Amino acid sequence: MNDKQHTIKAPVTVSGIGLHTGVVATMTFCPAPVNHGYKFQRIDLPGQPLVDADVDNVVDLSRGTTIEQNGARVNTVEHTLAALVGLQIDNVLIQLSGPEPPIMDGSSYEFIKPLQEVGLEEQNALRNYFEIPDEIRYQDNPRGVEIAALPLDNYRLTVMVDYNSPVLGSQHASLTEMSQFATEIASSRTFCFLHELEALYKQNLIKGGDLSNAIVVVDRVVSEDELSELAEMLGKPKVAVKKEGILNNVDLRHKNEPARHKLLDLIGDLALVGRPLKGQILAARPGHAANVAFAKRIKKKMMEVDSSPVPHYDPARVPVMDINQIAATLPHRYPFLLIDKIIHLDATTVTGVKNVTMNEPFFPGHFPGNPVMPGVLQIEAMAQTGGILVLNTVPDPENYWTYFLGIDTCRFRRMVKPGDTIIFKCQLLAPIKRGIAKMSGKAFVNGKVVMEAEMSASIVKKN
């Protein structure tokens, strides 16, 4: 998985009809800055309002996921978002000249192709992953739906569908590496059963659907008269049923194409949590309503973790920066490089780890016989953690120094001794202006605060 954030190198445009609204629209993917995320912009409406791709903005789930904000609505966002997640693109502005992205061929492939052609651009910021900390589960017993997220240092998804149909029975689809999305999942098209078609038309949906962008599964015997009515409904001269039970002789791209498309939908809907995920997702009989309900549970957990004063630390997880990457960023060296790992880093917050051992060079001379880590070195370790945060805001951080200007409201709450693991969390108090950064910091051991302070530092370019 990519560590750095990415956008696209240049704008790229696709055009076509919307599946449910039947409105022809042009959609342009535009490069966006660090930490922008995914935003839609309705350029056909007064003021060209923005709509954040956020689960809290979901307003309708009839056959697709619809979001609304600032008086603007965007229908059927899941295929578009799945393409962006599948290519591990973090920051994009999606300008749309109508109410719904083009359905194209009913999959994500027609979005993947132009995005790959224009190319990705690496950005000078780390991806702000949300790592599933413990099991998150959703169940809808009447519908037989169950979705679970489990901790994993990767993003993997497995989907099972079962429609009790002689044509479309139990199917499974898995994605073990997101880099496989473009070749294994993206081309899987949307589908529905024949018995759903009439109901969808009566609901004024699938106005833009035809047999080139949706698989219609025929799960019962159909008379010639019904086929003629279907042809009229779909605006076709004639429709037929293939022996595999697919309407109008459409060839499946994969034997389990419906299950793969459900996995595609799940990826697109879970993009609405607003951050790239690390975890194992297991889903039985998912649909948009369940996906969005599950995404809300993930976001709730995400908010709980983010608001917790104590950072979560799993020593088994791969850090954001190891000691070699820290040494390549900071000018400090033994015995004065005082942090061992960076486990979180975004635009405003950093979390570092210091493992305190009896082999520290200061213990022989500091309270011999009663080893206690000096408070000034705790501050220095916190300052180095904050230095990583400050240097993350400039291009080419190796060309800059950070110098601390002041320390305020410093308090030592508990002694730190050999064997302790200190977790340092530093957060910007305000945007950096004129190279001056102000941040608050806390140090934790075993979930309790051992030290806290407010610090200020300057960023100075090397000669």
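In which helix is the place of Asp265? Asp265 sits in helix α6, which covers residues 257-270, and I would like to start from there, with the reminder that what we are looking at is a predicted model.

Asp265 is buried, because its relative accessible area is 6% and the cut-off for that word is under 20%. Setting aside residues up to four places away in sequence, Asp265 touches Glu78, His79, His288 and Asn291, and two of these names, His79 and His288, will come back in the annotations.

Let me turn to those annotations. An unreviewed UniProt entry lists His79, His261 and Asp265 under "binding site". These residues span 187 residues in sequence, and yet no two of their C-alpha atoms are more than 9.4 Å apart, so they gather at one spot. Of this set, His79 also belongs to the lining of the largest cavity.

His79 deserves a moment of its own. The residue lies in helix α1, residues 78-86, and at 5% relative accessibility His79 counts as buried. Its contacts, again not counting residues up to four places away in sequence, are Ile103, Gly106, Ser107, Ser108, Phe111, Thr190, His261, Leu264 and Asp265, so that both of the other residues listed for the binding site are among those that His79 touches.

Now to the cavity itself. How many cavities of 30 Å³ or more does the count come to? The count comes to one, and the volume of the largest cavity is about 50 Å³. The residues that line it are Leu19, Thr76, His79, Thr80, Glu100, Pro101, Pro102, Ile103 and Phe111, and they divide into five nonpolar, three polar and one charged.

Phe111, which is part of that lining, brings me to the aromatic pairs, of which the count gives two. In one of them, Phe29 and Phe111 meet edge-to-face, with 6.2 Å from centre to centre and 65° between the planes. This pair links distant parts of the chain, since Phe29 is in strand β3 (residues 24-31) and Phe111 in helix α2 (residues 109-118), 82 residues apart. Both Phe29 and Phe111 are buried. For Phe362 and Phe363, the ring centres are 4.7 Å apart and the planes stand at 65°, so this pair too is edge-to-face. Phe362 is buried at a relative accessible area of 14%, and Phe363 is buried at 2%.

Finally, there is the annotation that I would ask you to look at with care. In the unreviewed UniProt entry, "active site" covers His288 and His366. Are these two gathered or spread in space? They are spread over 79 residues of sequence and also spread in space, with up to 60.9 Å between C-alpha atoms.

Taking them in turn, His288 is placed in helix α7, residues 288-307, and counts as buried at 11% relative accessibility. Leaving out residues up to four places away in sequence, His288 touches Leu61, Arg63, Gly64, Thr65, Glu78, Asp265 and Asp269, and the contact with Asp265 takes us back to the residue with which I began. His366, by contrast, is found in the loop between β20 (349-355) and α9 (375-391), and with a relative accessible area of 23% His366 is partly exposed. Apart from neighbours within four places in sequence, His366 is in contact with Pro371, Val372, Met373 and Pro374.

Conventions: Residues numbered from 1 in each chain as written. Predicted model: local features only at pLDDT ≥ 70, side-chain atom pairs only at ≥ 80, totals over all residues. Heavy atoms only, no water. 1 Å grid on protein atoms, 1.4 Å probe; cavity = no way out; pocket = protein on both sides within 12 Å on 5 of 7 lines; lining within 4 Å. Points joined across faces, edges and corners; volume = space filled by probe spheres on them. Nonpolar A, V, L, I, M, F, W, Y, C, P; charged D, E, K, R; others polar. UniProt positions renumbered as here; feature names shortened; annotations may be inferred. Helix = DSSP H or I, 4+ residues; strand = E, 2+ residues; numbered from the N terminus. Buried < 20%, exposed > 50% of the residue type's maximum accessible area, 1.4 Å probe, protein only. Contact = heavy atoms within 4.5 Å. Phe/Tyr/Trp six-rings, centres within 6.5 Å; stacked < 30°, edge-to-face > 60°.
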